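Q: I would like to learn how the features of a protein model are read. Could we take them one at a time, beginning with charged side chains?

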Amino acid sequence: PLADHRMTGRQLPQQQFDRRVVEGPLGHSVWLLAWPTMVQNIIGGLQGVVDQVLVGNYVGHIGNAAIGVSMQIFILVIVFVASIFTGMAVLVARFAGAGDADKVNRSVYQAFIVAIGLSLGVLAPLGYWAAPALLNAINATPDVQVEALPYIRIMFVFSFGMLSFFMFSGAVRAAGDAKTPMRLGILMTGLNVIFSVVLISGFGPIPAFGTRGAAMGSVLASGITSLIFIWLLFSNRLVIRFSRTMAYRPDWQIIRQLFRFGLPAGFQGIVMNLGGLLMLRFIGALPFSAQAQGVYSVGYTQLFSLITWTSHGLLGAATVMAGQNLGAGHPDRVVRSTHISASLGLGLAGLVGTAFIFIPEPLLALFGMTEGTVVTLGRELLRYLAISGLFVTVAMTYTGALQGTGDTRGPFYISIVSQLIVPVGLCTVLQAIRGLESTDIWLAIVLGHMTRCLLSILRFRQGHWRRIAVDIGSA
């Protein structure tokens, strides 16, 4: 099922694509792709939890707020640079479904070249320079800014390791291998935990760096893991391979396709994270704003990830199933596999939501949140998130299916409505009429996720994705 990949001079063997994605039982195929990504996301998410726990107990809730607002800004900026990853995944999944190894390898290699240029030439210098203005834009308090500024600058300047790791993980997963990213993700998390424990609170002759130690641990771990990933790609051990005979110059035909599908996803990511930043701005206007921002950071960024980690696994599975099966000429399998993924997501989100409702205090206490005001706000937020999780997991599954087929514009338009117009509009109106309360912001989050879910299902059922063509021509 896999064409030989012929390079100049001699023919090198390459692992075959897993044809169970396009030929095997649907439920088994979805789970085959989803569970490694779920495990990777859950274990990978622990690095953020460990950072928040250590910083929360060593620095306090100001440190938690600093990491929370910094990551919102970092993700907002980096997501546009990473938009090529979605375009790359569309190409890889479609060509892998058709069994064309040459086009898969070329697409990933060109995405790697573009990622180097954007991360080192754009993200690092602009992120370092603009960090203070970005922190001011979200109403971060002065004490939070003191902790956040060095953290976010380290993340921007040394972002290439994290960018390349997620790019390579997405490429290999789109080709049908979800276990390799899981194994390397576990390695990265282990390294991050070790570095964070040492650098945040200090160890022996190594001083305590506090909040900035969390950023140092993240960039060290991702940088080391990315180097291992690059070695594997050149060593012919993966379903995707690089060769020293590949040209260093950009292939503009491929790059245009990367941005054709990737740019709408990049704008979607900006819209979604811009919505999060604007919500942080509303939270900054509340009484006890530092406590509220800390609760938002822990509740929405960390604890809610117990739902989004697994949902991202199902999103990834739906993306690969949709792209590869459409490439293999099986659109009916796209529809059925998406429904299966959404059903699994609902069950998992319901379990986590139950914990949010019945044991909120122990969950918050893990992050050092035991004060009266903080606990009250945290308990309140988690109850809303228990409901919101049911909608967001279904929305993410259908978003993955749409993006996997190449329909990246639909999710972008949906994000404008669901992440900006609905929640930000509601908060703006209520703030002008009577002033905001914390429950107004939590309700706006739920309504935004509900809107995203409904519109994503409607867009998928329209069937526009069935007519999208993908090609990059011959080498």
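Q: Which residues are linked in a network of salt bridges?

A: Side chains of opposite charge can pair when their charged atoms come close. A salt bridge is counted here when a side-chain nitrogen of Lys or Arg is within 4 Å of a carboxyl oxygen of Asp or Glu. By that criterion D102, R106 and D251 form a linked network. The model is a predicted one, in which local features need pLDDT of at least 70 and side-chain atom pairs count only at pLDDT 80 or more, while totals for chains, interfaces and linings use all residues. Residues are numbered from 1 along each chain as its sequence is written, and side-chain values use heavy atoms, with hydrogens and water left out.

Q: How many salt bridges does the structure hold?

A: There are six salt bridges in the structure. One of them joins the side chains of R106 and D251, at 3.9 Å from N to O. This pair connects distant parts of the chain, since R106 belongs to helix α5 and D251 to the loop between α9 (211-234) and α10 (252-284), 145 residues apart. Helices are DSSP runs of H or I with at least four residues, numbered from the N terminus.

Q: Is R106 buried or exposed?

A: Burial is read from relative accessible area: under 20% is buried, over 50% is exposed, and values in between are partly exposed (1.4 Å probe, protein chains only). R106 has a relative accessible area of 12% and is therefore buried. Its partner D251, at 24%, counts as partly exposed.

Q: Which side chain meets R379 in a salt bridge?

A: The partner of R379 is E361, with an N to O distance of 2.8 Å. Because R379 lies in helix α15 and E361 in helix α14 (residues 360-365), the pair ties together parts that are 18 residues apart in sequence. Both residues are classed in the same manner as before: R379 is partly exposed at 22% relative accessibility, and E361 is partly exposed at 35%.

Q: What does D407 meet in a salt bridge?

A: The side chain of D407 meets that of R459 at 2.9 Å, N to O. The two belong to distant parts of the chain, with D407 in the loop between α15 and α16 (409-433) and R459 in helix α17 (residues 438-462), 52 residues apart. D407 is buried at 3% relative accessibility, whereas R459 is partly exposed at 22%.

Q: Which side chain of opposite charge is nearest to R19?

A: For such a reading, Lys and Arg count as positive and Asp and Glu as negative, while His and the chain ends are not counted. The nearest side chain of opposite charge is E23, 4.0 Å away, and the buried R19 has no salt bridge. R19 is found in the segment before α1 (20-23). A polar atom of its side chain lies 3.2 Å from the backbone oxygen of A96.

Q: What should helix α13 span at 1.5 Å a residue?

A: The expected span is 1.5 Å times one less than the number of residues. Helix α13 (residues 331-358) has 28 residues and should therefore span 40 Å; its end C-alpha atoms are 42 Å apart, which agrees. Among the buried residues of α13 are R333, V334, S341, G345 and F356.

Q: How many residues of α11 are buried?

A: In α11, 14 of the 15 residues are buried, and the helix is mostly covered. Helix α11 (residues 289-303) reaches 20 Å from its first C-alpha to its last, close to the 21 Å expected.

Q: How far apart in space are V392 and H449?

A: Sequence separation and spatial separation are read side by side. The C-alpha atoms of V392 and H449 are separated by 5.4 Å, with their positions 57 residues apart along the chain. V392 lies in helix α15 (residues 372-405) and is buried, with a relative accessible area of 3%. As a further pair, L118 and V334 are 216 residues apart in sequence and 33 Å apart in space, C-alpha to C-alpha. L118 is in helix α5.

Q: Where does N236, with its positive phi, lie?

A: N236 lies in the loop between α9 and α10. Its phi is about 65°, although N236 is not a glycine. N236 is partly exposed, with a relative accessible area of 22%.

Technical notes:
A polar contact is a pair of N or O atoms within 3.5 Å; within protein, one must be able to donate a hydrogen and the other to accept it, and residues adjacent in sequence count only if both atoms are side-chain atoms.
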